[in-house]
Amino acid sequence: MVTINENYLKLQASYLFSDISRRVKQFKDENPALGARVIRLGIGDVTRALPPACIAALHKAVDEMAVEATFQGYGPEQGYDFLREAIAVHDFQARGAAISPDEVFVSDGSKCDTANVQELFATDSRIAIPDPVYPVYIDTNVMAGRTGVSHNGRYANVVYLDCTRANGYVPALPQQPVDVIYLCFPNNPTGATITRKQLEAWVEYALRERALILFDAAYVAFLRDPELPQSIYEIDGARRVAIEFRSYSKTAGFTGTRCAYIVVPTECMGYDRAGNAYPLHKLWNRRHTTKFNGVSYPVQRAAAAIYTDAGQQQVRGLSDYYLRNAALIRRTLSALGYPCVGGENSPYIWVETGTDSWAFFDLMLQQAQVVITPGAGFGACGQGYIRISAFNDYAKVEEAMARLQKVLPKRATTAS
Ligand code: PLP
């Protein structure tokens, strides 16, 4: 008899975006004329084409694959040196963060990396997870058996870090000891950012408690405020207590091309039950080389092209484009009286609706044919909020905002 991993039975009914797709499909089936008007500002998928520098590098690499002299077979699982070096130099050393190429592991996505990293930790590790949150962090810990069952949208044995208007959507340090902490800035879903001082407090906490911070910087390309830290390794001591995730998905439009990386500094430690320290770099290297074949050569060439002068300019153009959408969304919702956060250093705008977030989702779909993401899908603290994504064409965002101005009830509250 095949016995299943019963932890899967604890998972809540469905993945958020499948729920949204189902509701949109039903609306379209029932209202074919209105269905054609649907504008999607829900799921965070990019719409702009790959930068020309990446396309040129892809073509060239494909041609290399056609000739035996330059053909590439299995590559190094950790990534080719040309890409790891470019990452270390441009994304870290240029900002004063001492990361070396061998601490970078190239992968096919931050979803997989943030999902897989928890394999390195004991099943009884105490995990701290923000609420609201990118659902992958919590679901993968549920699958691994690190949580109890869910009651009213919260799993037992998880320390939830509430992100609310009161704390500026940056969680306070936990009251009880925890071992593994997930942080994501600029944040999905709230769009909030973390200051250097706030991040220093988290690093200090981790050093004191011998905890580990999993820092997801998938949206770093959208940071415009020069005072904000881009990498956790800009903070003293972070090399000992933090793993960082980066993705080209939103940075360079790679959602369908697939390339990302994880940084595991050699000084970063985990401990056995006797308190002996083990480098997590070594464990991750073992995991990565055993379970992952590496990203394809042409895709890594395309990713490396991002670091050329032309590539840098082009990816900046991409994030500028989406930030212009974000500014329009934030301006519109604020003018209607809805308090907003995000949209300035982030492609997401987190909007306080003051009503049930799925009801607000239905209202926007039915009245304006605009699809957003209900905040409640990201956690209990998301109830009463929606997330609007800036990933779409500017003309469509303009049209969506014009519709919202017509149909959304004005709120009396002062917009933030
Ligand atoms: N981390 C966060 C916070 C995200 O929002 C996403 C994607 O939406 C990811 C990671 C995954 O990125 P990737 O496309 O590299 O898997």
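**A walk through the predicted model**

Let's start in a loop: Pro186 sits between strand S7 and helix H7, which spans 196-209. Keep in mind that this is a predicted model.

Why begin there? Look at the bond just before that proline. Phe185 and Pro186 are joined by a cis peptide bond, with omega at about -10°. Stay in the loop. Pro189 is also found between S7 and H7. Here a cis peptide bond links Asn188 to Pro189, and omega is about 15°.

Now, the cavity. How many cavities of 30 Å³ or more does the structure hold? It holds 1. The volume of the largest cavity is about 30 Å³. Which residues line it? Phe185 and Pro186 do, joined by Thr193, Ile194, Leu223, Leu228 and Pro229. So we meet the Phe185 and Pro186 pair again, this time in the lining. By type, the lining has 6 nonpolar residues, 1 polar and no charged.

Step back along the chain, to the loop that leads into S7. Asp179 is found there, between strand S6 (158-162) and strand S7 (180-184). Is Asp179 buried, partly exposed or exposed? It is partly exposed, because its relative accessibility is 22% and buried means under 20%. Its contacts reach to other parts of the sequence. Leaving out residues up to four places away, Asp179 touches Asp124, Ser125 and Arg126, and also Ala211 and Leu212. Take Ala122 as well. Ala122 and Asp179 are 57 residues apart along the chain, yet their C-alpha atoms are separated by 9.9 Å.

Tyr169 lies in that S6 to S7 loop too. Its phi is near 65°, a positive value in a residue other than glycine. Tyr169 has a relative accessible area of 6%, so it counts as buried.

There is another residue to put beside it. Gln369 has phi near 55°, again positive and again not a glycine. Where is Gln369? It is in the loop between helix H13 (357-368) and strand S15 (370-371). Gln369 is buried, because its relative accessibility is 2%.

On to the helices. H11 covers residues 297-305, and 8 of its 9 residues are buried, so the rest of the structure largely encloses it. The buried ones are Tyr297, Pro298, Val299, Gln300, Ala302, Ala303, Ala304 and Ala305. What do they pack against? Three helices come from earlier in the chain: H3 (52-65), H4 (81-92) and H9 (248-252). Strand S2 (104-107) is on the list, and so is H12.

H12 brings us to the last stop. Two packed helices are described by the angle between their axes and the distance between the axes. For H12 (residues 309-335) and H14 (residues 394-407), the angle is about 5° and the axes are 10 Å apart. Angles under 35 degrees count as roughly parallel, so H12 is roughly parallel to H14.

Who meets whom? From H12 come Tyr321, Arg324, Asn325, Leu328, Ile329, Thr332 and Leu333. From H14 come Tyr394, Val397, Glu398, Met401, Leu404 and Gln405. Why would such residues share a face? An α-helix has 3.6 residues a turn, so residues three or four places apart point the same way. By type, the contact between H12 and H14 divides into 8 nonpolar residues, 3 polar and 2 charged.

That's the tour. Thanks.

Definitions and conventions: Residues are numbered from 1 along each chain as its sequence is written. This is a predicted model: local features need pLDDT of at least 70, side-chain atom pairs count only at pLDDT 80 or more; totals for chains, interfaces and linings use all residues. Side-chain values use heavy atoms; hydrogens and water are left out. Axes are lines fitted to C-alpha atoms, for helices over the stretch in contact, and angles run from 0 to 180 degrees between N-to-C directions. Helices (H or I, at least four residues) and strands (E, at least two) are DSSP runs, numbered from the N terminus. Angles under 35 degrees count as roughly parallel, over 145 as roughly antiparallel, 65 to 115 as roughly perpendicular and the rest as oblique. Contact means heavy atoms within 4.5 Å. Ala, Val, Leu, Ile, Met, Phe, Trp, Tyr, Cys and Pro count as nonpolar, Asp, Glu, Lys and Arg as charged, and the others, Gly among them, as polar. On a 1 Å grid over the protein atoms alone, a cavity is a set of points where a 1.4 Å probe fits but cannot get out, and a pocket is an open set with protein on both sides within 12 Å along at least five of seven lines; lining residues have an atom within 4 Å of a point. Grid points are joined across faces, edges and corners, and a volume is the space filled by probe spheres set on the points. Buried means under 20% relative accessible area, exposed over 50%, partly exposed in between (1.4 Å probe, protein chains only).
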